[in-house]
Amino acid sequence: MDTQSLQAFLAVVQTQSFSRAAEQLHLTQPAVSKRIATLEELLGTRLFDRIGRKITLTEAGNLLLPRAQRILFTVDDSRRALANLSGQVGGKLTLATSHHIGLHRLPPLLKLYTQRHPEVALDLHFLDSELAYQGVVDGTLEMAIVTLAPHPVEQLQVVELWRDRLCFVCAKDHPLAQRSRTQATLSLAELCEVNCVMPGAKTFTHTLIGQRFQAAGLTLPVSMSTNYLETLKMMCSVGLGWSLLPESMLDSELVELPVDTDPIHRPLGYLVHHNRTLSNAARRMIEALENAQDP
């Protein structure tokens with residue numbers, strides 16, 4: 001069972017398409033189809049059902065999937081361990097980051113890293129933090145630099161680097177801004193009388209915010225949501241609702257609201273798999289991150 005056939009199998013599973021799998025692997029579609037056919041012939045069973053344009057795993061395919069992932073994980077891990085013996089810092093480093101961290105935290109760090117380690121090919125993916133977590137768990141990502149989950153994940157080593165203070169904000173001409181000028185503080189209950197715009201319900205940031213309101217017996221009055229904080233800022237600045245944004249995003253278009261509650265902080269950091277041998281490139285990235293962490 002050759003690893004190239006297993007890579008083709010996983011690519012088809014991930015993309016749900018032979019043509020997209022071919023693009024991902026930089027192959028032709030017939031080449032991918034041939035690798036799948038070879039694997040099916042070797043195993044003596046079909047791995048995919050093809051009904052019209054839809055591709056689904058057969059029972060045998062579902063059985064093979066976790067085993068194929070483990071096989072390729074072990075092969076890649078062995079390659080990294082052997083490559084590390086040379087002490088050289090090079091090769092491909094596959095990592096993910098959220099859009100906000102990629103825009104506001106990483107640029108100077110990445111610039112310095114690429115200057116110091118020009119032999120490293122950065123394969124950088126901008127993903128929602130939740131998807132990045134899954135990528136590190138299943139081995140498609142070597143590491144991720146994201147918003148940290150509210151609860152630990154057994155397979156992962158998670159290190160907090162920074163803390164974002166989330167600020168209650170609204171547009172300068174929003175009714176809440178006018179009310180805040182005459183009141184020392186606003187209550188969470190008063191905020192819930194007015195629509196808000198928030199990160200998506202399944203995001204770690206939304207969960208963190210939602211827990212504060214749930215603890216007070218309140219439900220967030222979300223009228224619109226998006227996973228991009230820059231878009232949330234725009235929506236908030238034009239008066240579509242109040243929101244919570246990192247302190248670093250505040251500017252003249254927004255008013256910070258005084259709210260009678262303890263500060264809400266969002267943890268940011270990196271994660272790697274406990275059972276993965278990290279490449280020298282990843283180790284140097286971790287050193288750079290830890291040197292840049294908040295005191």
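# Reading a predicted model, step by step

Reply: Let's start with the overall build: the protein chain has 12 helices and 11 strands. Please keep in mind that this is a predicted model.

Me: Thanks! How far does the C-alpha trace span along its principal axes?

Reply: The C-alpha trace of the protein chain spans about 75 × 50 × 30 Å.

Me: And what share of the residues counts as buried?

Reply: A residue is called buried when its relative accessible area is under 20%. In this protein chain, 44% of the 295 residues meet that description.

Me: What can I learn from contacts between residues that are apart in sequence?

Reply: You can ask how far along the chain the partners sit. Taking contacts between residues at least 6 apart in sequence, 73% join residues at least 24 apart.

Me: Let's move to pockets. How is a pocket told from a cavity?

Reply: A pocket is an open set of points, while in a cavity the probe fits but cannot get out. Here the largest pocket has a volume of about 1,300 Å³.

Me: Which residues lie nearest the centre of the largest pocket?

Reply: Asp76, Lys92, Thr94, Gly139 and Thr140 do, out of 36 residues that line the largest pocket.

Me: Which element gives the most to that lining?

Reply: That is α4, with eight residues. Several elements each supply at least two residues of the lining, including α1 (3-15), α4 (59-84), β3 (91-97) and α12 (280-291).

Me: How does the lining of the largest pocket divide by class?

Reply: There are 18 polar residues, 10 nonpolar ones and eight charged ones.

Me: How much space lies in the second largest pocket?

Reply: The second largest pocket holds about 190 Å³. Among the residues lining this pocket are Leu109, Tyr113, His117, Arg284 and Glu287. Both α6 (107-116) and α12 supply at least two residues of the lining. By class, the lining of the second largest pocket has five nonpolar, two polar and three charged residues.

Me: Let's look at α6 itself. Which residues of α6 are buried?

Reply: In α6, the buried residues are Leu109, Leu110 and Tyr113. They sit on the same side of α6, because they cover an arc of only 95 degrees around the axis.

Me: What does the buried side of α6 pack against, and which elements are involved?

Reply: The buried residues of α6 pack against β3, β4 and α12. On the face turned away from that buried side you will find the exposed residues Pro108, Lys111 and Gln115.

Me: Now the enclosed space. How many cavities of 30 Å³ or more does a search of the whole structure find?

Reply: The search finds one cavity of that size. The largest cavity has a volume of about 210 Å³. Its lining has 19 residues, and Ser98, Ser129, Thr147, Asn227 and Arg266 lie nearest the centre.

Me: Which element provides the largest share of the lining of the largest cavity?

Reply: The largest share comes from α5, with three residues. Other elements that each supply at least two residues include α10 (204-215), α11 (229-237) and β11 (264-273). The lining of the largest cavity is made up of seven nonpolar, eight polar and four charged residues.

Me: Next, backbone angles. What is notable about phi at Gln16?

Reply: Gln16 has a positive phi of about 60 degrees although it is not a glycine. Gln16 belongs to the loop between α1 and α2, and with a relative accessible area of 42% Gln16 is partly exposed.

Me: And where is His26 found?

Reply: His26 is in the loop between α2 and α3 (29-43). His26 also has a positive phi of about 60 degrees, and is not a glycine either. With 72% relative accessibility, His26 counts as exposed.

Me: Last topic: how many disulfides does the count come to?

Reply: A disulfide needs two cysteine sulfur atoms within 2.5 Å, and by this rule the count is zero.

Me: Why is there no bond at Cys170?

Reply: The closest cysteine sulfur, in Cys236, is 6.3 Å from the sulfur of Cys170, so the two are too far apart for a bond. Cys170 counts as buried, at 0% relative accessibility.

Me: How far is the sulfur of Cys192 from the closest cysteine sulfur?

Reply: The distance is 7.4 Å, to the sulfur in Cys196, again too far for a bond. Cys192 is buried, with a relative accessible area of 19%.

How values were computed: Residues numbered from 1 in each chain as written. Predicted model: local features only at pLDDT ≥ 70, side-chain atom pairs only at ≥ 80, totals over all residues. Heavy atoms only, no water. 1 Å grid on protein atoms, 1.4 Å probe; cavity = no way out; pocket = protein on both sides within 12 Å on 5 of 7 lines; lining within 4 Å. Points joined across faces, edges and corners; volume = space filled by probe spheres on them. Helix = DSSP H or I, 4+ residues; strand = E, 2+ residues; numbered from the N terminus. Nonpolar A, V, L, I, M, F, W, Y, C, P; charged D, E, K, R; others polar. Buried < 20%, exposed > 50% of the residue type's maximum accessible area, 1.4 Å probe, protein only. Arc of directions from axis to C-beta. Contact = heavy atoms within 4.5 Å.
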